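This report describes one protein model for a reader who has not seen it before. The sequence and the structure come first, and the description follows.

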Amino acid sequence: SDFVDFFGDPFYRNILWVTLRVSLVSTAISLVLGYPTAFYMARTKSRMKQVMMIVILFPFLVSAVVRSYGWMVILGTNGLLNQLLQSLGLISAPLKILNTETAVIIGMIHLLVPYMVLSLVGVLQSIDPNVEYAAYSLGASPFQTFSKVVFPLSLPGIISGCVLVFTMSMTSYVTPKLLGGSKFRMMATMVVQEINVNFDWGAASAISYILLAVILLVQIAVVLCTSRYMKRMGGGK
């Protein structure tokens with residue numbers, strides 16, 4: 001069957017691994033970049049909060065195709081990044097970034113960080129600052145307050161943000177196609193290729209179901225791994 005052919009072929013197994021790797025790296029970096037941003041937005045009372053919210057929401061007004069073409073201009077051999085690095089004398093020859101996995105990850109992060117920030121801001125704003133003040137009054141350091149109070153209470157937002165970003169990354173088509181080039185393949189691009197190039201609807205269906213199954217398995221694993229911790233925090237019901 002098409003499922004047996006998929007897992008029996010190293011070519012297809014490598015595509016699944018590349019898709020998982022790109023999605024996990026994109027999710028991790030999006031969390032690292034998005035959490036401090038969301039924390040600042042949730043705690044600050046300055047006007048920068050409105051400015052940052054506009055900056056975060058602005059990419060939603062531009063399609064993924066336009067954003068990918070923008071990164072092609074920036075990351076190309078004669079792109080803005082290489083020109084800047086060469087003018088500063090940091091490199092002697094242009095870097096090969098476009099049409100690589102690195103370019104795809106950069107495009108993914110730019111596309112998905114706003115989703116991570118929006119998932120976290122609401123949860124962080126709902127945490128009562130008095131809880132932090134209570135921790136300080138009991139002698140906790142800022143690091144202890146964050147690690148033992150704020151971070152655990154923000155875990156639902158982290159989980160929902162990571163699941164959302166991971167799912168969107170796994171199913172992304174435009175960004176890998178434009179920034180990765182014709183030789184870079186992920187599961188979504190393979191579905192289109194099987195239909196439009198190989199005219200193999202059975203293989204395309206098998207790849208789609210395998211992609212769906214992997215996403216569901218990862219989500220189930222996340223829920224199972226965090227449910228016990230969430231119950232200890234008084235949630236997870």
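The residues A64, R67, S68, W71, G107, H110, L111 and T175 line the largest cavity of this protein. The model is a predicted one. The space inside the largest cavity comes to about 40 Å³, and a search of the whole structure finds one cavity of 30 Å³ or more. Two helices, α4 (64-75) and α6 (101-126), each give at least two residues to the lining of the largest cavity. Helix α4 holds the largest share of that lining, with four residues.

A pocket is a separate kind of space, and the largest pocket has its own lining. About 170 Å³ of space lies in the largest pocket. Its lining is made of A42, R43, K45, Q125, I127, P129, E132, Y133 and Y136. Here the helices that each supply at least two lining residues are α2 (10-43) and α7 (129-137). The most comes from α7, which gives four residues to the lining of the largest pocket.

Empty space of this kind can be traced by rolling a probe the size of a water molecule over the atoms.

The next topic is the protein as a whole. How many helices and strands are there in the protein? There are 12 helices and zero strands. Read from the N terminus, the order of elements is α-α-α-α-α-α-α-α-α-α-α-α. The C-alpha trace spans about 65 × 50 × 30 Å along its principal axes.

The protein has 237 residues, and 39% of them count as buried. Its exposed area is about 13,300 Å², with 69% of that area supplied by carbon and sulfur atoms. Among contacts with a separation of 6 or more, 72% are between residues 24 or more positions apart. As for charge, the protein has 16 positive and 8 negative side chains. The centres of the two sets lie 16 Å apart.

Three residues serve as examples of burial and exposure.

| Residue | Place | Relative accessible area |
|---|---|---|
| T19 | helix α2 | 0% |
| L57 | helix α3 (residues 48-57) | 38% |
| S1 | segment before α1 (2-8) | 63% |

Is T19 buried or exposed? T19 counts as buried because its relative accessible area is 0%, and the cut-off for buried is under 20%. T19 sits in helix α2, the helix that also supplies at least two residues to the lining of the largest pocket. Apart from neighbours within four places in sequence, the residues in contact with T19 are M170, M186 and M187.

L57 belongs to helix α3. With a relative accessibility of 38%, L57 is partly exposed. From L57 to Y115 there are 58 residues in sequence, and their C-alpha atoms are 9.3 Å apart in space. Y115 falls within the range of helix α6 (101-126).

S1 lies in the segment before α1. S1 is exposed because its relative accessible area is 63%, and exposed means over 50%. What is the distance in space between S1 and A203, C-alpha to C-alpha? The two are 9.0 Å apart in space and 202 residues apart in sequence.

Definitions and conventions. Residues are numbered from 1 along each chain as its sequence is written. This is a predicted model: local features need pLDDT of at least 70, side-chain atom pairs count only at pLDDT 80 or more; totals for chains, interfaces and linings use all residues. Side-chain values use heavy atoms; hydrogens and water are left out. Buried means under 20% relative accessible area, exposed over 50%, partly exposed in between (1.4 Å probe, protein chains only). Contact means heavy atoms within 4.5 Å. Accessible areas come from the Shrake-Rupley method with a 1.4 Å probe; for residues, only the protein chains shown count as cover. Lys and Arg count as positive and Asp and Glu as negative; His and the chain ends are not counted. The place of a charge is taken as NZ of Lys, CZ of Arg, CG of Asp or CD of Glu. On a 1 Å grid over the protein atoms alone, a cavity is a set of points where a 1.4 Å probe fits but cannot get out, and a pocket is an open set with protein on both sides within 12 Å along at least five of seven lines; lining residues have an atom within 4 Å of a point. Grid points are joined across faces, edges and corners, and a volume is the space filled by probe spheres set on the points.
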